[in-house]
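The following exercises are to be worked with the sequence and the coordinates at hand. Each task is followed by a solution in steps.

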Amino acid sequence: MTQPIEDYALIGDLMTSGLVGRDGSIDWLCLPRFDSGACFAKLLGDEDNGHWRLAPLDAADGERCTRRAYIDGTLVLESYWETETGTVKVIDFMPQRDVAPDVVRIVEGISGRVQMSSTLRLRFDYGHVVPWLRRSDGDRVAVAGPDSAWFRSEPPVRTWGEDNSTRSRFPVAAGERVAFVLTWHPSHEPRPKPVDPYEALEQSLAGWQEWTAQCRYEGPYKEAVTRSLITLKALTYAPTGGIVAAATTSLPEELGGVRNWDYRFCWLRDSTLTLGSLLATGFLDEARAWRTWLLRAVAGDPADLQIMYGIGGERRIPESELPWLRGYADSAPVRVGNAAVDQLQLDVYGEVLDSLHVARSAGLPTERHAWQLQLALLDFLEKNWQRPDEGLWEVRGPRRHFVHSKVMAWVAADRAVQALEKDPSLPGDVERWRTMRDAVHLDVCEKGFDPERNTFTQFYGSDELDAATLLIPRVGFLPPDDPRVVGTVDAVREELGRSGLVRRYTTEGPSVDGLPGDEGAFLACSFWLADALHMTGREEEARELFERLLDVSNDVGLLAEEYDPIAGRQLGNFPQAFSHVGLVNTALTLGHAQGRARKQAEEQGRQQVQEQG
């Protein structure tokens with residue numbers, strides 16, 4: 001039985017991650033990196049594609065735990081099971097690795113006595129390869145080609161092989177603990193030194209809580225903001241600073257549909273919003289690491305700039321399909337890699353330049369070569385901004401003159417102008433970039449705006465709308481009180497709205513993206529709508545929408561890419577960095593507004609006291 005996407009929780013070690021279901025089963029785990037082959041792929045197939053369930057013996061297939069939550073300020077998950085004979089707690093986490101990745105699961109008795117069961121099915125290469133299992137030094141070791149994994153318990157419990165799986169049964173009484181550790185390493189290397197699961201737990205708790213304590217945000221919705229920041233941290237590949245868009249591949253945008261993509265890579269367009277949220281909440285080290293990853297990834301010929309890169313900055317991300325996996329809820333195909341890497345998306349030039357502008361404005365030390373890179377990108381964009389492209393939504397249909405792409409070309413020129421005006425010692429021709437900025441602005445306003453409907457459109461000559469135009473006031477292309485901005489916000493909400501949330505664009509009829517089927521409301525766009533409502537003076541509506549979006553989060557505060565408001569189901573890859581960045585940024589916007597209102601009220605109160613006195 002397929003678990004709803006929102007039934008999963010994330011664990012990770014800042015190099016990879018896994019998903020733990022409410023039924024106690026880890027159904028997705030890629031080792032040793034986010035973009036490696038999965039050794040648990042039940043999420044996209046069935047039990048024979050690999051999983052690890054740890055639950056009370058009498059818990060039926062698919063039966064959920066009683067309750068669960070992350071320990072405050074951490075990525076350590078606690079799941080409680082209340083049974084007729086007692087209560088146990090299962091603690092799931094991945095310690096930040098020294099050498100090898102470990103998954104640690106600790107069963108702790110709370111009351112009574114509970115019989116527990118563990119079923120481990122390792123299947124390397126996305127659930128395709130059944131490893132050879134044997135005993136060694138009292139533990140279990142699985143080997144297949146380049147992969148090897150060790151499985152042990154502390155204290156030892158009865159374990160046996162059955163149906164190409166490793167099974168364990170054991171009782172746990174109140175106050176007792178049993179720990180399981182799964183450790184991966186390259187099969188040609190010796191076994192890594194085993195970790196102490198209980199020490200690893202204490203170190204993981206301390207490490208996460210020390211990191212979370214750096215957060216400077218003290219406004220409303222702090223719990224949701226903190227959980228989103230922890231999720232963004234968990235999606236970070238620590239060796240390089242790259243942040244993956246999501247932990248998964250091929251979770252569908254429509255159940256049973258074909259809109260299934262691999263998001264385990266780093267998208268440049270995420271960079272500005274991510275940098276802004278990290279800087280605003282006090283995480284300067286992460287912001288520096290992300291900027292450094294960005295500069296390394298985009299170095300080279302500007303004509304070769306890609307929309308995404310691997311977590312190490314890799315350029316080749318070939319797309320293929322895995323026919324042995326039926327797909328989540330029979331949503332095929334399952335894809336690995338992403339062919340959109342070869343698309344022309346002119347908006348990313350603006351995203352990169354805006355990111356570096358945000359970093360510079362926040363006081364991060366500048367590097368001279370970084371400015372030379374920006375000038376090279378601008379030079380390319382000046383010659384190419386009038387070309388059609390695939391746009392930020394990575395359409396697999398014909399190239400178009402997408403309005404958002406042109407707006408971001410304006411952003412690129414505008415940020416260069418601002419930098420040169422602030423620091424005239426920088427090399428560059430400010431008049432040249434002013435001329436480009438003015439030309440792009442005029443072009444967009446003449447060709448991308450529908451005066452009869454008072455709204456910007458998706459692309460030149462189109463009647464369709466695009467939720468990305470909600471960003472026009474945010475990037476400064478037009479002021480929030482411009483009637484064209486207000487009209488665009490109203491039109492997007494009216495025509496792309498779905499039960500109060502927002503779709504990216506229309507998929508009915510001949511779709512611009514060249515794909516069949518539908519998709520859910522796009523959560524990042526819905527956060528953009530909340531921002532736009534706030535900027536256009538509708539603060540109460542913005543707050544109501546934001547709180548509606550908070551309710552979409554699952555029981556542990558995680559968001560996927562999309563949401564079906566009719567079925568009440570999360571859709572798309574999970575958890576999604578873009579959604580969580582949107583949550584943080586909108587909370588910051590509303591929090592600042594509330595802070596200003598509070599200060600105004602306090603000042604008015606002081607004035608009244610003085611007048612009465």
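A residue is called buried if its relative accessible area is under 20%, exposed if that area is over 50%, and partly exposed in between. The model to which this is applied is predicted.

**Exercise 1. Cysteines**

Determine how many disulfides the model contains, and decide whether C39 is buried or exposed.

Solution.
Step 1. The criterion for a disulfide is a pair of cysteine sulfur atoms within 2.5 Å.
Step 2. Applying this criterion gives 0 disulfides. For C39, the nearest cysteine sulfur belongs to C30 and is 7.8 Å away.
Step 3. C39 has a relative accessibility of 2% and is therefore buried. C65, at 5%, likewise counts as buried.

**Exercise 2. The chain as a whole**

State how many helices and strands the protein chain has, and assess how its radius of gyration compares with the globule rule.

Solution.
Step 1. The secondary structure comprises 14 helices and 28 strands.
Step 2. The radius of gyration is 25 Å, and the globule rule for 613 residues gives 25 Å, so the chain is as compact as a globular protein of that length.
Step 3. Along the principal axes, the C-alpha atoms occupy a box of roughly 75 × 70 × 50 Å.
Step 4. Of the 613 residues, 62% are buried. The chain exposes about 23,300 Å², and 48% of this area comes from carbon and sulfur atoms.
Step 5. Among contacts with a separation of 6 or more, 66% are between residues 24 or more positions apart.

**Exercise 3. Strands 10, 11, 12 and 15**

Trace the pairing from strand 10 to strand 11, from strand 11 to strand 12, and from strand 12 to strand 15. What is the sense of each pairing, parallel or antiparallel?

Solution.
Step 1. As background, strands of a sheet pair through backbone hydrogen bonds, in either a parallel or an antiparallel sense.
Step 2. Strand 10 (residues 132-136) pairs with strand 11 in the antiparallel sense, over 5 bridges. S136 has D139 of strand 11 as its bridge partner. The two strands form a hairpin with 2 residues between them, where D137 has a positive phi near 55 degrees.
Step 3. Strand 11 (residues 139-144) runs antiparallel to strand 12, and 5 bridges join them. A144 stands opposite D147 of strand 12. This pair is also a hairpin with 2 residues between the strands, and G145 in the turn has a positive phi of about 55 degrees.
Step 4. Strand 12 is in turn joined to strand 15 (residues 177-186) by 8 bridges, again in the antiparallel sense. Here E154 stands opposite A179 of strand 15.
Step 5. Strand 12 (residues 147-154) is mostly covered, with 7 of its 8 residues buried.

**Exercise 4. The surroundings of T159**

Locate T159 and decide whether T159 is buried or exposed. Which polar contacts does its side chain make?

Solution.
Step 1. T159 belongs to strand 13 (residues 159-162).
Step 2. Its relative accessibility is 14%, so T159 counts as buried.
Step 3. The T159 side chain reaches the backbone oxygen of V157 at 3.2 Å. A polar contact of 3.1 Å links the side chain of T159 to that of S168.
Step 4. Leaving aside residues up to four places away in sequence, T159 touches R135, R140, T166, R167 and S168.

**Exercise 5. T2 and its contacts**

Place T2 relative to strand 1, and name the residues that T2 touches beyond four places in sequence.

Solution.
Step 1. T2 is in the segment before strand 1 (8-12).
Step 2. With a relative accessibility of 33%, T2 counts as partly exposed.
Step 3. Beyond four places in sequence, T2 touches R326, Y328 and A329.
Step 4. T2 and M436 are separated by 434 residues in sequence, and their C-alpha atoms lie 52 Å apart.

**Exercise 6. An open sheet**

In what order do strands 26, 27 and 28 stand in their sheet, and which of them stand at the edges?

Solution.
Step 1. The 3 strands form an open sheet in the order 26-27-28, with antiparallel pairing.
Step 2. Strand 26 (521-522) and strand 28 (569-571) are at the edges; each has a single partner strand, so one side of each has no neighbour in the sheet.
Step 3. Strand 27 (residues 562-564) pairs with strand 28 over 3 antiparallel bridges. Within this pairing, the bridge partner of E562 is L571 in strand 28.

Key
Residues are numbered from 1 along each chain as its sequence is written. This is a predicted model: local features need pLDDT of at least 70, side-chain atom pairs count only at pLDDT 80 or more; totals for chains, interfaces and linings use all residues. Side-chain values use heavy atoms; hydrogens and water are left out. Buried means under 20% relative accessible area, exposed over 50%, partly exposed in between (1.4 Å probe, protein chains only). Helices (H or I, at least four residues) and strands (E, at least two) are DSSP runs, numbered from the N terminus. Two strands pair if DSSP finds at least two bridges between them. The radius of gyration is taken over C-alpha atoms; the globule rule is 2.2 Å times the number of residues to the power 0.38. Contact means heavy atoms within 4.5 Å. Accessible areas come from the Shrake-Rupley method with a 1.4 Å probe; for residues, only the protein chains shown count as cover. A polar contact is a pair of N or O atoms within 3.5 Å; within protein, one must be able to donate a hydrogen and the other to accept it, and residues adjacent in sequence count only if both atoms are side-chain atoms.
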